[in-house]
Amino acid sequence: MVKIGILGSTGRVGSLLIDDLQNDKDAKLSVVHVTRKLLKTLPQETVVTNDIKVLFDSCDVIIDFSKPSATEALLTEVVENGVKKPLVIATTGLNKHQQNLLVEASKLVPILYATNMSLGVAVLNKLVALASKTLRDFDIEIVEQHHKHKIDAPSGTALTLAEHAANARDLNLDDVRVSGRDGNVGPRTKDEIAVMALRGGDIVGRHTVGLYNDGEFLELNHTATARNTFSRGAIKVAKWIVGKDAKLYSINDALGL
């Protein structure tokens, strides 16, 4: 039985992780890290703490659906204090320093980082790379939609999709990404990859990658209809990463894609 700890337990997905783990046959909740009151009923013997060290000491693997500052504290514990526990990280909006910490920590412990824990999105990334490379003359436009409470934009998922599209064409995404158009911006450039964000209501998550050419276009779409999509995906990969070598893994590694 894999003992799982949660960082970000008071968030939307963190709450679902608590519920889903109570029905899992191969994993159980052992510890939750909290920064405010947790309004959930927990299994007996679950450790509740606001101490990162206690979180590490009380589980086999940590699932992190938190915020960048909390993820930074988690990674710092690995890099500076040598704590050795596998990590599954789904926090988006990491800055350059936090991204560098992620890479450094992955040299010491196995880390699976994914901006989206949906199994369907993992397959979508592969399809986008294939379509982008094959349809090289097609214009690429990505639109993502999320609920009104989401903080970062564009979503980490949309940026990852854009990275797959850019890499397939040997492009640097930072050089070709456009995330807004207003006024007399001129015609679209050949290599431009647009990533646009819509926010409203309670949309769980919808991502559309369009490839447009004169006379035809192709649109690849993924829609999440429940947040359990992300919590169940995270539990699946958390069980997979236990016992793996220190490395930075993607969800594709866990799924064998």
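In this predicted model, helix H3, residues 68–81, lies across four strands: E1 (2–7), E4 (61–64), E5 (87–89) and E6. Relative to E5, helix H3 runs at about 155°.

The strands under discussion belong to an open sheet of seven strands. Read across the sheet, the order is E3-E2-E1-E4-E5-E6-E12, and the pairing is parallel. Strands of a sheet pair through backbone hydrogen bonds, and this pairing may be either parallel or antiparallel. At the edges of this sheet are strand E3 (47–49) and strand E12 (247–249), each of which pairs on one side only. Neighbouring strands are turned against each other by 25° on average, with direction ignored.

Strand E12 is joined to strand E6, residues 110–113, by three bridges, and the two strands run parallel. One bridge can be located by its residues: Pro 110 has Lys 247 in E12 as its bridge partner.

Helix H3 also meets a second helix, H4, which spans residues 96–105. The axes of H3 and H4 come within 9 Å and cross at roughly 35°. The crossing of H3 past H4 is left-handed. On the H3 side, the residues in contact are Pro 68, Ser 69, Glu 72, Leu 75, Thr 76, Val 78 and Val 79. Their counterparts in H4 are His 97, Gln 98, Leu 101, Leu 102, Glu 104 and Ala 105. Sorted by class, the contact of H3 with H4 has seven nonpolar, four polar and two charged residues.

Helix H3 thus has contacts of two kinds to follow in the model: with strands, E5 and E6 among them, and with helix H4.

Methods:
Residues numbered from 1 in each chain as written. Predicted model: local features only at pLDDT ≥ 70, side-chain atom pairs only at ≥ 80, totals over all residues. Heavy atoms only, no water. Pairing = 2+ DSSP bridges. Axes fitted to C-alpha atoms, helices over the stretch in contact; angles between N-to-C directions. Contact = heavy atoms within 4.5 Å. Left-handed = near helix turned anticlockwise from the far one by under 90°. Nonpolar A, V, L, I, M, F, W, Y, C, P; charged D, E, K, R; others polar.
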